[in-house]
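Here is a short report on one protein model and its ligand. It starts at the ligand and then moves out to the sheets.

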Amino acid sequence: MSQQITVTEHLLLHQKQVPMATGRFTRLFNELILSAKIIHREVSKAGLVDVLGFTGDINVQGEEVKKLDEFANRVLIHRLSRCGALCAMASEENADIIEIPDGLPTGDYFVIFDPLDGSSNIDANVSIGTIFSIYRRKSPSESRLLASDYLQKGADQVAAGYILYGSSCMMVFTTGDGVNGFTLDPSVGEFLLSHPNIRIPEQGSIYSVNEGYYHYWDKPTLDVLAHFKAASMTRKKPYSLRYIGSLVSDFHRNLVYGGIFLYPSDNRDPNKPGGKLRLMCEAAPMAFIVEQAGGLAIDGTRRILDIVPEHLHQRVPLFVGSKLDVEKVQEIYAATKQA
Ligand code: AFP
């Protein structure tokens, strides 16, 4: 019965096929799982105890920090520091690399995470998520960590995934061998395999975008939107618009039903020409997952997984989802460039 397989069992089964595997990766995952359970426990208490609202701080992105954001960040940093598998980590909430404290064992993996994505929705009880992305350092373990060890293109990810704190709590991830989803069974306290080998439909019927920014978009982007809103000979009705404003939720729905999530660049803020989403802790992990599920992710013209980050908090436009829908976006942008 596939439902009875835990994440650890799943990893161990696959690890057997990797002769170099030392078990450290599984330890890293175990700490991610424990962090997810702790964060889930707090998220589900929101409203009952004083975990809602702002801390009063401003994070590296210039956004107000929510209490649950800060809590999730602390849990992940604390737990992951102790797994013995990491050379360093980074968080959406911290400006710089987070080093492993002296005296704790280290390893060759680097993790970057967004502790609680979609947190502006917390107070309204909307589903939010944790996103993680794992790389292996390139320089030798004993040498000083270089920027090239963590500023790697998404295609070099060893694993990526998210935890969705929704109507149930789910962990969806890939280690480059397909995508699997595990649902937390509260009666046993374990994430159990519930969605083996997830495949995104080749074409969807949903588009997800913040259309409030319509007047800030350029002509090619308006053409892209016009495509999804139009009925055509091949598709008798327009796509449905579904937008939560919480990437993990929007992405997960489209992964299951088929569709496309769009966060194009806009001219709202000259300091953010690449849109809002972060390449390393949002776009690249989602791109790895979607490609492993048969979909695509681009920034309009380039494959997200081919982009080498210049810094940890780089932003990038994102079009991610069903293969044919993303190809259509690419075709429209390419046509406008040529014209
Ligand atoms: P918050 O974590 O501040 O809620 O931002 C969430 C997010 O990064 C991503 O999850 C959403 O897809 C996107 O922002 C929504 O942005 P808009 O509010 O600009 O549509």
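**Ligand site**

A polar side-chain atom of Asn210 lies 2.8 Å from an oxygen atom of the ligand. Keep in mind that this is a predicted model. Asp117 and Glu282 also place polar side-chain atoms by ligand oxygen atoms, as the table lists.

| Residue | Distance from a polar side-chain atom to a ligand oxygen atom |
|---|---|
| Asp117 | 2.4 Å |
| Asn210 | 2.8 Å |
| Glu282 | 3.1 Å |

Taken alone, the ligand exposes 480 Å². The protein buries 88% of that area. The ligand is surrounded by 16 residues. The closest are Asp117, Ser120, Tyr213, Tyr243 and Tyr263. By class, the shell holds six nonpolar, six polar and four charged residues.

**Eight-stranded sheet**

One open sheet has eight strands in the order 4-3-5-6-7-8-9-10. Its pairing is mixed. Strand 4 (98–99) and strand 10 form the edges, and each pairs on one side only.

Strand 6 (residues 128–136) and strand 7 (residues 159–165) run antiparallel and are joined by seven bridges. Phe132 has Gly161 of strand 7 as its bridge partner. Helix 3 (residues 67–81) packs on this sheet. Helix 3 touches strand 3 (86–91), strand 4, strand 5 (109–117) and strand 6, and its direction makes about 160° with that of strand 5. Helix 7 (residues 279–292) packs on the sheet too. Helix 7 touches strands 5, 6, 7, 8 (169–174) and 9, with its direction at about 80° to that of strand 6.

Strand 9 (residues 179–185) runs antiparallel to strand 10 (residues 190–195), and five bridges join them. Thr183 stands opposite Leu192 in strand 10. These two strands form a hairpin with four residues between them. Gly189 takes a positive phi near 70° in this hairpin.

**Five-stranded sheet**

A second open sheet has five strands in the order 12-11-13-15-14, again with mixed pairing. Its edge strands are strand 12 (240–241) and strand 14 (296–298), each paired on one side only.

Strand 11 (residues 206–208) and strand 13 (residues 260–263) run parallel, joined by two bridges. Tyr207 stands opposite Ile260 in strand 13. Two helices meet these strands. Helix 5 (residues 219–229) lies across strand 11 and strand 13, at about 155° to strand 13. Helix 6 (residues 247–257) packs on the sheet and touches strand 11, strand 13 and strand 15 (318–321). The direction of helix 6 makes about 165° with that of strand 11.

Technical notes
Residues are numbered from 1 along each chain as its sequence is written. Side-chain values use heavy atoms; hydrogens and water are left out. Two strands pair if DSSP finds at least two bridges between them. Contact means heavy atoms within 4.5 Å. Axes are lines fitted to C-alpha atoms, for helices over the stretch in contact, and angles run from 0 to 180 degrees between N-to-C directions. A residue is near a molecule or strand if one of its heavy atoms lies within 4 Å of it. A polar contact is a pair of N or O atoms within 3.5 Å; within protein, one must be able to donate a hydrogen and the other to accept it, and residues adjacent in sequence count only if both atoms are side-chain atoms. Accessible areas come from the Shrake-Rupley method with a 1.4 Å probe; for residues, only the protein chains shown count as cover. Ala, Val, Leu, Ile, Met, Phe, Trp, Tyr, Cys and Pro count as nonpolar, Asp, Glu, Lys and Arg as charged, and the others, Gly among them, as polar.
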